[in-house]
Amino acid sequence: MTRLAIVFLRGGADGLSLLSPADDADYRRLRPTQALDPAAVHRVDDTFGLHPAARRLAGFAHAGRLAMIPACGFAGQTRSHFQAQATLEAGSEANTITGWVGRHLAATAGRTASPFRGVAVGTVSLPATFRGTSDALGTPDLSSLRLGVLRPARARQKARRVTITPAGPGLDTAAVLADWSSSPSKVAVAGANAAVAVLDRIRSSGSEHPEPEGSSGVVAAGEDEFGPGEAGSVFAAGSQVLDADLGTEVLMIDLGGWDTHNAQGTTDGRFAELVGSLDKGLGALLDRHDDLCIVVMTEFGRRVAENASGGFDHGRGSVALVLGNRVNGGVRGSWPGLAALDDGDVPAANDLRVVQAEIAETVLRTPKLDQVVPGVAGPRLDVVG
Amino acid sequence: MDPTLSRRRLLQSVALAGLASGCTTRRLSGRRGTRSSSTGAPDTSTDDLRLRLERATYGATPALLAEVSAMGFGKWIDRQLDPATRTKDKSFTRLNAAIDATMPDLAELRTRDKVAKAGYRRSSIEGITARTVLGAAYAPDQLRQRMVDLLADRLHVAVSQTPVVYYVPAYDAMLRDHAFGRFSDLLVEMARHPAMLLFLDNATSRADGDHVPNENFGRELMELHTVGLDGGYDEVDVGEVAHVFSGWSLDRATGGYAFKPKRHSLGGFATRGDVLGWRPRGDGEAAGRELLEHLARHPATEARLALLMARRFVSEDIRADDRLVIEAARVYREHDTELGPVLRHLLTSDRFPAAATSMLRRPVDLVATTLRRGADAPTPDRLDHVSTNLSGLLRVLGQVPYCWPAPNGYPTPTAAWASAGAIIARWNAMTTLAHAAPAGLALDPSRFDAHDEQDLLLALCGPDIQLV
């Protein structure tokens, strides 16, 4: 069965630099200092080229394993980060409290019994995408999910590793749950029960010590394989979750820093570094997990014209990427060009919720599509075969 | 009497509370049960006072309860709102000065030495963490500490962006100075502060000539800092506000705020229309100040601030149409946007006991209340270890102060902190404090009515400490 990884680019990634119409006359006119060099992009068709730093993505594109959807967003697209993220994670313009994957996992609760069906790495919070099920959690990495004394690394150390070693008699989780049994905070009680289920599952799967004693956190060897810095650590932690026998069906990775209002850069600079990290992480994840389908999405694209700070303010249509063996590769959907903009933005010509719905249908094989991504009306994109 | 019950006594009291089902046991039913068993009738006045104090402080210690019982809650609030309270405790003032001394000043930051800069970055983050957590645990002005916690999320700047980090200690100090003052003044200080000018990119914005001003600050000023997403503005307004603040920038020589008239232009704003009922009388720096004054007094800001404060200090589930929220908005208006009177109203209201609901403490709150209840303040000579250990613990717990990357600040509701992964991190943080307290953070088990480390650990992981 194909598993799913969702990579969320928080902050609104500039679609026109990720998948660039680098020759377009309007693009070059509206971006006098921040346009990509047409000779430097990785050509994928007559119109578009991938960012120069997206070397692995270019390889996947040429191998037919990468679908690229330009001008991708949703109807009534807002320029508010928080509203647009809420819409995408809900999978619904009604901004329901539950998330689209959370509803899918709840609808298929009988398929597998595991609190690890949905896992978000790099965070202790449960992303909104997973809300609505008790079969999902957020954790920095697998090795954080055991009990003991913490020895956090100093802030200056690059990979923020934590060592957890057993201490004293250990926490009596049954006694803790008894203490909480009459608590008025139902949400906190549910969290405590979920925590115990997670610890039990980790113990019974033998994943309690995924790395040699003494090391900790993320994959110790080959950290460079997943790219540098925090993004590399999160991709490595995600790969480790997929390796473990925990029943994970959906992995979620959040990457921050895409809110480039200032000094975005072109072949080099801030955006190039972001793309380089993303590219290395995606490449390593797909190399290690052949069965994986990865969808890369962001809450909105950025304005076509650059601002006074050499950056781009919030816009509408961006780009979605889908990677994997079953993907119908190439640029998909329609491209309206940059001659007629939506209030200065790339219009949301292709519906990102159609991408979500097609993935729910073909990868998650959801039985309740009308609940998971309700009310989708846009034309099909057939991103997955 | 110790504020914290041992596990044994807690279980006993839970059973008693079960017998008393039907009573209002919205919160801390165990404590109520215990009291009714000893006196025959619930001592509601003590419970009521304790509940209000738990929200106004980082822990209603026995000494504080006794002090406030004698003085009266209203008088205690007035003293909390008095700036003189900040320096009431000389040993804390010395500790705070020692914390400030660990952080680099702006002159030092002018170095180009990368290693030195990385060191300054670390000492800024660790210093701000120590100031936040140790202030919450030990400062005499407890209510101010609570209010700064809220303001730091509502008017958030993130250290994740490199130049911002160096200005965050000063930004945090500014929030502390203005925590009870007029929100309109606070907005002006925020908009002029280098941390915010850099974080939301206004420092590089300009509207002269063909330049398109940077919208980042203008948008979040309305969406996050004042009227809110449903406040009635549109995309045209975002662009106009960006024009109003063009030229609000930094002085290259001093690193401080400077208005740069050459970069400033209202564009066609003056002839086009209004922003949320406001029209500029002229251009220049004065226009931005006038707009901030207008936004601070807009009805949508009044209602939103009242709701956000009630959600933090009373109940995360409180509704916008709750009488208490509507009253708080009125108090804000009647006191010319002053925040102190709003806090006073929320915490002293007769509506408070019925409206208050239990909330999971956020990580900073959890660590601070644990230290406040169970450990003496560290001496300045141990500060280095303490700061490092505190920021390490909070990193694991997911709430290092000013490290939330997005401009909306750390989330408030229980649901955001109750995922299985977050609960396990909390249990491990408590295990660390109970069994292997890092240097300078050792707890005294007897203050939790615990006989051994295991008993202490259960107390720390129980609802009495974890909930507020």
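In β11(A), which residue is the bridge partner of A:Leu4? It is A:Cys293. Keep in mind that this is a predicted model.

Let me stay with that strand. A:Leu4 belongs to β1 of chain A, residues 3–9. β1(A) is mostly covered, with six of its seven residues buried. On β11(A), residues 292–298, the pairing is parallel and runs over seven bridges. β1(A) also pairs with β10(A), residues 250–255. That pairing is parallel too, with six bridges. There, A:Leu4 stands opposite A:Val250. So much for β1(A).

Next, a small sheet in chain A. It is open, has three strands, and its order is β2-β4-β3. The pairing is antiparallel. What about the edges? β2(A), residues 19–20, and β3(A), residues 42–43, each have a single partner strand, so each has one side without a neighbour in the sheet. β3(A) pairs with β4(A), residues 49–50, over two bridges. A:Arg43 has A:Gly49 in β4(A) as its bridge partner. As a reminder, strands of a sheet pair through backbone hydrogen bonds.

Now chain B, and its helices. Start with α4(B), residues 62–71. Only one of its ten residues is buried, so this helix lies largely in the open. Just after α4(B) comes B:Gly72, with a positive phi of about 100 degrees.

Then a helix pair: α7(B) with α10(B), residues 168–178. Their axes are 9 Å apart, and the packing angle is about 20 degrees. Angles under 35 degrees count as roughly parallel, and these two helices are therefore roughly parallel to each other. The crossing is right-handed. Who meets whom? From α7(B) come B:Ser124, B:Gly127, B:Ile128 and B:Arg131. From α10(B) come B:Val168, B:Pro169 and B:Asp172. By class, this contact has three nonpolar, two polar and two charged residues.

Last, the contact between the chains. Chain B gives 66 residues and chain A gives 61. On the chain B side, several helices supply at least two residues each, including α1 (7–19), α7 (114–138), α13 (216–225) and α22 (383–397). Which helix gives the largest share of that side? α23(B) does, with twelve residues. By class, the chain B side has 30 nonpolar, 23 polar and 13 charged residues. Note that α7(B) appears twice in this talk: it packs with α10(B), and it supplies residues to the side that touches chain A.

How values were computed
Residues numbered from 1 in each chain as written. Chains lettered and ligands numbered in written order. Predicted model: local features only at pLDDT ≥ 70, side-chain atom pairs only at ≥ 80, totals over all residues. Contact = placed C-beta atoms within 7 Å. Helix = DSSP H or I, 4+ residues; strand = E, 2+ residues; numbered from the N terminus. Nonpolar A, V, L, I, M, F, W, Y, C, P; charged D, E, K, R; others polar. Pairing = 2+ DSSP bridges. Buried ≥ 20, exposed ≤ 12 C-beta atoms within 10 Å, placed from the backbone. Axes fitted to C-alpha atoms, helices over the stretch in contact; angles between N-to-C directions. Parallel < 35°, antiparallel > 145°, perpendicular 65-115°, else oblique. Left-handed = near helix turned anticlockwise from the far one by under 90°.
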